[in-house]
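Student: Could we look at how two chains meet, and at the reasons behind the terms that are used for it?
Tutor: Yes, here is the model.

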2 protein chains.
Amino acid sequence: MLHIEREIAEQPEVIRRLLAQETGTAERIAQAIRAFDPAFIMIAARGTSDNAARYAQYLLGIHNNLPVALATPSVHTLYKAQPNLSRALMIGISQSGQSTDVGQVVADAKAQGALTLTITNDEGSPMAKMADYHLSLRCGEEVSVAATKTYTAQLVAIAMLSAALSSDSAAQAELQKLPDLVAQTLDLSAPVRDWVQRYRYIESMAVIGRGYNYSTAFEISIKIKELCYITCEQYSEADFRHGPIAIIQPGFPVIVVAPRGKPFELMRDLLAELNKRKAECLVISDDPDLADQAQYFMPLPSDLPEWLSPVCAVIPGQIFAKNLALTKGHTVDRPEGLTKVTFTQ
Amino acid sequence: MLHIEREIAEQPEVIRRLLAQETGTAERIAQAIRAFDPAFIMIAARGTSDNAARYAQYLLGIHNNLPVALATPSVHTLYKAQPNLSRALMIGISQSGQSTDVGQVVADAKAQGALTLTITNDEGSPMAKMADYHLSLRCGEEVSVAATKTYTAQLVAIAMLSAALSSDSAAQAELQKLPDLVAQTLDLSAPVRDWVQRYRYIESMAVIGRGYNYSTAFEISIKIKELCYITCEQYSEADFRHGPIAIIQPGFPVIVVAPRGKPFELMRDLLAELNKRKAECLVISDDPDLADQAQYFMPLPSDLPEWLSPVCAVIPGQIFAKNLALTKGHTVDRPEGLTKVTFTQ
């Protein structure tokens with residue numbers, strides 16, 4: 001078994017452990033945030049962690065009325081500038097906790113008086129120790145270079161924080177159901193392995209989401225790029241209509257991430273438009289009615305709360321990317337030219 | 001002459017007019033911003049205007065110490081949420097001023113007590129009238145669906161605002177030189193028309209920038225997608241190293257946007273790495289030493305201040321995209337499947 005296969009399969013257990021062991025930490029952090037009353041949140045992250053930050057942008061905006069900015073680390077690292085973060089909650093997210101540029105943004109914010117929080121998978125890492133608060137993902141080591149379980153754990157950590165901030169017991173109850181929903185999603189995604197053969201010679205594709213699952217589009221896209229060495233675009237449904245839709249030629253493959261929820265009608269309209277343009281559509285949804293409009297349909301469990309849907313919706317994408325890489329004959333656990341910990345300035 | 005060719009050529013004149021007619025407005029807006037003392041800036045924009053917002057994120061962060069967030073309009077439009085923007089300066093950017101989703105974010109912010117500013121190319125548009133302040137781009141009508149002169153005018157409007165905020169007379173003097181620098185860039189970009197033939201059958205490419213010219217990478221990429229119907233990725237140098245660098249196979253075409261300035265060494269290292277991987281590199285820079293490492297070199301004027309470099313650096317990209325579209329036999333002024341004003345929710 002490949003490391004990545006084991007790590008994908010571990011996700012229900014990882015989430016169960018995170019919920020069991022870190023809910024108290026999330027409560028304490030929420031209390032500190034309420035006391036600080038930030039004017040806004042700034043999140044610093046790179047790569048996959050930045051896609052978790054995108055989820056936070058929607059979730060904390062929608063459920064907690066908190067405006068969220070995504071940091072541009074080079075403002076701090078290359079330009080040595082000090083945007084005023086004194087009224088911010090600063091969150092740094094890094095799987096390894098060793099990201100020096102993300103760490104620099106957190107350190108700058110702390111020096112200015114911001115409330116600081118880091119989310120990492122290594123309690124002994126520099127980033128785990130530098131902030132006012134640390135939330136530990138408790139995933140165990142992630143060996144595969146392409147992150148899977150640490151990504152869904154980051155999403156869950158953010159969801160735990162949101163639920164703690166709103167003291168929402170219904171949300172807490174929904175969170176507790178996640179490990180089972182993720183396990184169901186893994187089962188439902190098993191057929192991907194067989195039909196992925198059709199895409200052996202694919203060279204380029206796109207992934208589209210909206211709202212909460214804008215993050216999912218980014219994350220599936222980065223997995224495909226990392227593992228399969230093909231170009232893969234990612235878009236929100238709205239940005240896609242503002243220009244990039246022009247790239248759709250007959251046969252162009254598009255993954256449409258469309259769980260039920262507020263953006264559903266827009267995503268269904270886009271799917272119809274893509275079919276009109278004869279795109280090859282792969283659909284991730286909990287609405288079986290969309291199966292008719294898909295070359296292949298990747299089902300999600302039927303009782304998925306929209307705000308938690310990104311935790312499940314990414315999973316068929318992880319499995320698609322991994323199996324496509326195998327079908328193309330690539331080394332999956334250690335893609336050529338990538339390293340697990342990336343040092344950027 | 002195509003509309004887009006005329007509009008690209010008009011850019012020096014458009015910028016000259018904007019500087020001559022709107023500097024007073026920028027000063028008045030700067031005064032209002034200083035009085036309001038925002039905790040942060042939130043910018044709402046879509047497509048090309050969102051790329052101008054990316055420039056603002058760097059410029060206002062670096063020169064004015066203001067943290068900048070890019071809005072996620074669906075939080076407001078689809079989810080009907082009201083993130084607390086009462087301590088924000090809200091900026092809405094839209095070429096047409098008719099973008100209903102961007103307008104909704106501005107209206108929500110205004111109702112909450114935020115200071116609001118819109119930047120549009122139509123003084124009679126809904127967005128021009130809804131905010132506390134409006135900065136008019138004065139570009140004249142833009143007929144081509146793919147935006148060119150309104151994009152560079154948006155960049156200049158943001159630069160004018162930054163210079164007014166810092167009361168920096170050196171910056172003001174540099175701004176006044178821009179129309180000539182843009183005219184020089186147009187002259188220097190003339191050879192693109194001939195060598196673009198080599199890319200007649202290109203199907204996929206990438207554009208990479210960093211810092212101020214992260215915006216340029218996005219904007220060149222969207223022009224290529226809109227006009228040429230090919231996939232085109234865009235990345236910051238750092239994000240690229242965090243995974244997507246895996247897509248580079250021998251012969252893969254990459255536009256490297258590398259004017260002199262703080263990210264220059266990193267971009268030069270990346271160029272060397274791309275050459276090691278046998279990528280096909282097209283380089284936009286004011287450093288002629290990079291020409292040796294480029295299949296084709298797109299020179300910029302030699303006395304370009306880094307903070308204004310995105311206004312010039314995008315121009316060879318506009319011309320590349322337009323000429324590649326012509327070489328591929330596409331309709332350039334009205335790309336199939338796109339409209340000038342895009343209504344999204």
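Student: What makes the meeting of B:D239 and A:R46 a salt bridge?
Tutor: A salt bridge is a side-chain nitrogen of Lys or Arg within 4 Å of a carboxyl oxygen of Asp or Glu, and the side chains of B:D239 and A:R46 meet at 3.3 Å, N to O, so the pair satisfies the definition. Between chain A and chain B the count is six salt bridges.

Student: What kind of model is this, and how are its parts named?
Tutor: This is a predicted model, in which local features need pLDDT of at least 70 and side-chain atom pairs count only at pLDDT 80 or more, while totals for chains, interfaces and linings use all residues. Residues are numbered from 1 along each chain as its sequence is written, chains are lettered from A and ligands numbered from 1 in the order in which they are written, and side-chain values use heavy atoms, with hydrogens and water left out.

Student: How many residues are in contact between the chains?
Tutor: With contact meaning heavy atoms within 4.5 Å, 67 residues of chain A touch 67 residues of chain B. Of the interface residues of chain A, 100% are also interface residues in chain B, so the copies meet through the same surface.

Student: Why are the copies said to be related as by a two-fold rotation axis?
Tutor: Superposed by least squares on the C-alpha atoms of residues with pLDDT of at least 70 in both, chain A can be laid on chain B with an RMSD of 0.0 Å by a turn of 180° and a shift of 0.0 Å along the axis. The two copies are therefore related as by a two-fold rotation axis.
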